[in-house]
Every structure is written in C-alpha cells, then in structure tokens.
Amino acid sequence: MDVTAVGSGPNGLSAAVICARAGLKVQVVEAQPTLGGGARTAADPEFPGVQHDICSAVHPLALASPFFAEFDLPARGVQLAVGDIAYANPLPGRPAAIAYRDLERTCAELSDGASWRRLLGPLVTDWRAVVELLLGDKRSVPGSLPSALRLGLRMAAQGTPAWGSLTGDDGRALFTGVAAHVLSRMPSLTAAGAGLMLATLAHAVGWPIPVGGSQAITDALIADLRAHGGEVIAGVEITSPPGPPASVVVFDTAPTALLRIYGRSPALPDRYAKALGRYRFGPGVAKVDFVLSDEIPWSDPRLSQAPTLHLGGGREQMALAEKEIAAGRHAQWPMVLAAASHVADPGRIDAAGRRPFWTYAHVPSGSPLDATEVVTATIEQFAPGFRDVVLAACAIPAARLSDHNANYVGGDIGVGANSAWRAIAGPTPRLNPWRTPIPRVYLRSAATPPGGGVHGMAGYFAARTLLRREFGIDTLPFLGPTSRA
C-alpha cells in the first residue's frame with residue numbers, strides 16, 4: 001500500500017482521491033461504522049423514513065471550493081438544491097433579516113441596504129478571488145493584490161473592536177449570524193473572514209443543500225476513489241502506526257491523535273510531542289435533531305422559505321453569548337444554528353409528512369448539557385407553537401459528540417482551528433503545516449489550513465505536499481468526472 005488515509009471526512013477523502021488518481025495504491029481506514037466524518041446522513045431511530053445530517057447540512061463550499069469545483073459534484077449526479085433564500089436571522093419584536101440569493105433584494109429589505117451593498121457588493125463581483133484567498137494555503141502570493149487588500153480591509157472592519165462598516169441593527173445581525181458559524185469570540189478576524197466568505201457565496205452561488213442529505217457528497221467521493229483502485233475499510237480504529245514502514249500515512253484526525261498512536265514510537269520527536277500536548281480545543285456545540293409533523297409556525301412567514309436560520313438574536317446578544325461560552329459558561333441565550341433541509345429538498349419529507357429539523361447550540365467545551373429545551377425555547381421566541389409540531393428530538397451533548405466523530409473533542413467541530421493564528425500556522429508552527437516531523441506522516445484535517453468546512457482543501461494541500469515529497473509527482477492529476485483526452 002502506497003498511502004494509508006486515516007479518517008473518511010471530506011479532507012480525508014479528497015486527499016485519497018487525489019493520490020489514487022495519481023496512480024498510487026490507496027487505502028482509507030475509518031473508525032466509525034459509516035463513512036463521511038462531518039458529511040454523513042443517518043435515519044432517525046424512531047422514524048426511519050426521516051434522514052438527519054450527522055454534522056454538516058448546508059454546503060456553500062460544495063460549489064465554490066476549488067477542489068469541489070474541479071471534482072464537479074453535479075456532473076456526478078449530486079443534486080445541489082439552491083433556494084431563493086440563503087439564510088435568515090429572526091429578530092425579537094421586528095421582521096427577520098433575510099439574505100436572499102439576490103443581493104439587491106437583500107439590500108431592499110434591510111433598513112440600510114446601502115451599507116450591506118458596500119460591504120459585500122465588490123466581494124460578490126470578485127467572489128472567486130475571495131474563495132482563493134480564504135481557502136488558500138496561506139503561503140502563496142495572492143493572485144490579485146487589489147482583491148486581497150479589499151478583503152483585508154473588510155476583515156479588519158468586521159473582525160476588530162471597531163466592528164464598523166455596517167449600519168442598521170438588522171444588517172449587523174445578519175452578518176454576525178453568519179460569522180458565528182465559527183466558534184470564536186466576536187469580533188475576531190477568524191469569524192469575520194468566515195462571515196465574509198459565506199455571505200459572499202450566499203449572493204454569488206447560493207447555499208446549496210445536497211438532495212438526499214450530506215451523505216451524497218461522501219458517496220460521490222468514495223465512488224471515485226474505488227473507481228481508481230482505492231480501498232475503504234470502516235469500523236477499524238487505528239491505535240498504532242499503520243501500514244508497513246515504507247508507506248505514507250495521512251491523518252484526517254485531530255492533531256492530538258498522533259500522541260495516542262505514535263506516543264511510544266521513537267519516530268515521534270519530543271519537541272513535537274510537547275507541542276501536541278499543548279494543543280487546545282475551542283468551545284463546543286450541542287446538537288439536537290428534531291422530527292416535525294408540520295411546518296414551523298414562524299411569526300415572520302418568510303422564514304418558512306429559509307433553509308438555514310441563525311437564531312442568536314441581534315449582534316450584541318450573539319457577541320455576549322460567544323463571550324460567555326469562551327469563558328466556560330453556558331449562555332442564557334446561546335447562538336443556535338438551524339437547517340430546514342426539506343425547504344430546498346422536499347424529498348426529505350416522508351410519506352406521513354414528517355420532516356427533519358437540524359439544530360445545534362454553542363456551548364462550553366465538554367458541556368454535558370442536553371440542549372433540547374434551550375433550543376426549543378429559543379425557537380419558540382420566533383415561532384410560538386413550535387413545541388406542538390415536534391414529534392421527536394434526539395440530543396447529543398458536546399461531551400458526547402466525539403462518540404460520533406473522534407475529531408470533535410469536547411464538541412469542537414472546528415477541531416481547535418478557530419483562531420487566525422491556527423488558520424495560518426496550523427496545529428503547531430511549521431512552514432508546511434500538512435507535514436509532520438514524523439517520517440512519512442501527514443495531517444490534512446480541519447486543524448490544518450485553511451480550516452474547517454466541507455471544502456476538501458486541507459486534503460488537497462496535504463496530497464500536493466506528499467505527492468511531491470514522497471513520490472516526486474509535481475503535477476496534480478485531473479479531478480473531473482471524465483479523463484482528459
């Protein structure tokens with residue numbers, strides 16, 4: 001075996017696909033009985049006709065990521081449903097703030113749409129450069145310095161204590177809600193960067209929902225891997241250095257897993273082991289999957305057409321909540337993210353009219369909280385009578401999230417990479433963060449640049465590195481669904 005890929009998340013599979021297409025013998029080993037890591041879908045235990053997404057549910061980067069753009073999911077039969085509304089932010093006592101796919105429609109409904117247009121309009125026009133910068137390796141010279149300057153100024157405005165350039169409570173809430181996809185104090189450069197990229201993509205390509213669930217993305221990657229000779233093994237946990245000594249190993253895991261696997265090996269340098277021992281994870285999420293009997297009775301009826309909802313209130317409320325959880329305290333009103341996938345994909349409604357409703361709340365690291373009641377109460381603020389349409393709820397506290405994905409230590413779905421420094425340097429300061437000092441061992445999880453999200457780019461950069469260093473392959477293979485003539 002030339003390459004053993006440990007972990008089958010999107011980054012693990014992207015690296016495996018690239019290596020297999022380069023002509024190498026590749027094996028993927030996954031500890032869980034199902035494949036996909038953060039992109040999996042499973043049946044509800046009580047209502048098996050209802051399918052829940054295990055972690056990620058909405059995929060702005062499935063169309064925009066350079067890896068997925070070349071891999072071309074739609075050409076492989078993955079249907080990516082994009083609605084008129086990308087995301088919405090309900091607000092107490094007033095109409096919700098709505099981010100439509102149409103930038104001008106969004107601006108028309110905000111109290112100061114001109115400030116939203118000034119912030120995002122130039123980025124939407126230049127959205128490919130935004131993606132290139134924020135999903136890049138953080139080591140290459142930007143292809144467009146004016147684009148980098150334009151983005152940098154906006155990150156500074158939205159990610160520092162000045163927190164300016166947007167006026168109107170609704171516009172500020174709309175941006176803060178999307179920035180809160182990153183588990184980070186706000187304002188922060190990390191949250192601002194993520195918010196700018198996701199908000200830009202909302203207007204440039206939309207926020208797609210894979211028809212049938214996130215598993216469709218994983219299945220397309222696995223099908224391509226197998227078509228090029230790759231092997232996939234599920235239900236096997238790696239507890240010692242895998243494969244023959246001459247093979248290359250690529251880990252789609254938390255960096256700290258290397259301590260457990262190589263802790264007794266002389267191949268693990270003491271200095272690196274100490275650095276991994278100091279690695280810290282961020283706040284967590286507490287997940288609640290609901291099964292609903294009918295549509296949610298939103299006070300603002302426009303919300304019934306929103307596949308993604310940010311239920312944290314206004315900017316000040318969201319910032320307070322993130323400050324509380326960063327300090328290890330539960331927020332009285334936590335940031336709650338929700339996805340009604342059936343809005344974009346009606347096939348998610350079963351024959352009896354039941355449909356999934358995906359949610360999670362931000363909580364302190366390792367929290368044992370069952371978030372069902374706090375999430376329900378938060379939704380009730382904006383949809384009185386929500387409780388009446390709930391048929392079932394399955395809660396997974398942050399403390400147990402790693403049972404479903406070992407990378408999510410303490411419930412941290414960002415695998416610790418929720419700071420600007422980590423997004424650039426990686427888990428330990430290295431010129432090449434995908435290469436470890438352990439011979440022939442590489443990292444390509446969300447802990448390495450460019451960070452979290454279903455984009456496959458950490459796997460792409462890790463594969464690029466190992467192909468060059470270990471096999472002398474300087475040109476990456478074509479990734480599209482058909483081979484070049």
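This is a short tour of a predicted model, stop by stop, with a selection to make at each one.

**Stop 1: the two domains**

Start by colouring by domain. The domain assignment puts residues 3-42, 214-279 and 416-471 in domain 1, and residues 107-201 in domain 2. If you place a marker at the C-alpha centre of each, the two markers will sit 29 Å apart. Now show the residues in contact between them: domain 1 supplies 16 residues and domain 2 supplies 11 residues.

How much area do domain 1 and domain 2 bury between them? The figure is about 910 Å², with 56% of it on carbon and sulfur atoms. On the domain 1 side, select N418, I424 and P450, which lose the most area to domain 2 and together account for 40% of what that side buries.

**Stop 2: a proline at the interface**

Keep P450 selected and look at its backbone. A cis peptide bond joins P449 to P450, with omega at about 10 degrees. Where is P450? It belongs to the loop that runs between strand 16 (441-443) and helix 16 (457-471). P450 is also one of the three domain 1 residues that lose the most area to domain 2.

**Stop 3: salt bridges**

Across the interface of domain 1 and domain 2, the rule finds one salt bridge. Widen the search to the whole structure and you get 17 salt bridges. Here are two to display as sticks:

- D224 and R21 pair through their side chains, with an N to O distance of 2.7 Å. This pair ties together distant parts of the chain, since D224 sits in helix 10 (residues 215-227) and R21 in helix 1 (residues 10-21), 203 residues apart.
- D137 and R464 also form a side-chain salt bridge, at 2.9 Å from N to O.

**Stop 4: helix 5 against helix 9**

Next, select residues 113-125 for helix 5 and 189-204 for helix 9. Their axes come within 9 Å and cross at roughly 75 degrees, so helix 5 is roughly perpendicular to helix 9. To see what fills the crossing, show W116, L119, L120, L123 and V124 from helix 5, together with L196, A199, T200, H203 and A204 from helix 9. Which classes of residue make the contact of helix 5 with helix 9? Eight are nonpolar, two are polar and none is charged.

**Stop 5: helix 8 against helix 9**

Leave helix 9 on screen and add helix 8, residues 169-179. The axes of helix 8 and helix 9 are 7 Å apart, and the packing angle is about 105 degrees. Helix 8 is therefore roughly perpendicular to helix 9. From helix 8, pick F175, V178 and A179; from helix 9, pick A191, A192, G195, L196, L198 and A199. This contact counts eight nonpolar residues, one polar and no charged ones. L196 and A199 will already be on display, as they are among the helix 9 residues that touch helix 5.

**Stop 6: backbone details on either side of helix 8**

Zoom in on the loop between helix 8 and helix 9, where you will find P187. A cis peptide bond joins M186 and P187, and omega is about 0 degrees. Then go to W163, in the loop between helix 7 (145-159) and helix 8. W163 has phi near 45 degrees, a positive value in a residue other than glycine. Why mark such places on a tour? Because most residues other than glycine have a negative phi, and most peptide bonds are trans.

**Stop 7: helix 6 against helix 7**

Finish by selecting helix 6, residues 127-134, along with helix 7. Their axes come within 10 Å and cross at roughly 75 degrees, which means that helix 6 is roughly perpendicular to helix 7. A129, V130, L133 and L134 of helix 6 meet S147, A148, L151 and M155 of helix 7. By class, that contact has seven nonpolar residues, one polar and no charged ones.

Conventions
Residues numbered from 1 in each chain as written. Predicted model: local features only at pLDDT ≥ 70, side-chain atom pairs only at ≥ 80, totals over all residues. Heavy atoms only, no water. Axes fitted to C-alpha atoms, helices over the stretch in contact; angles between N-to-C directions. Helix = DSSP H or I, 4+ residues; strand = E, 2+ residues; numbered from the N terminus. Parallel < 35°, antiparallel > 145°, perpendicular 65-115°, else oblique. Contact = heavy atoms within 4.5 Å. Nonpolar A, V, L, I, M, F, W, Y, C, P; charged D, E, K, R; others polar. Domains from an automatic or database assignment. Buried area = accessible area lost by both parts, 1.4 Å probe. Salt bridge = Lys/Arg side-chain N within 4 Å of Asp/Glu carboxyl O.
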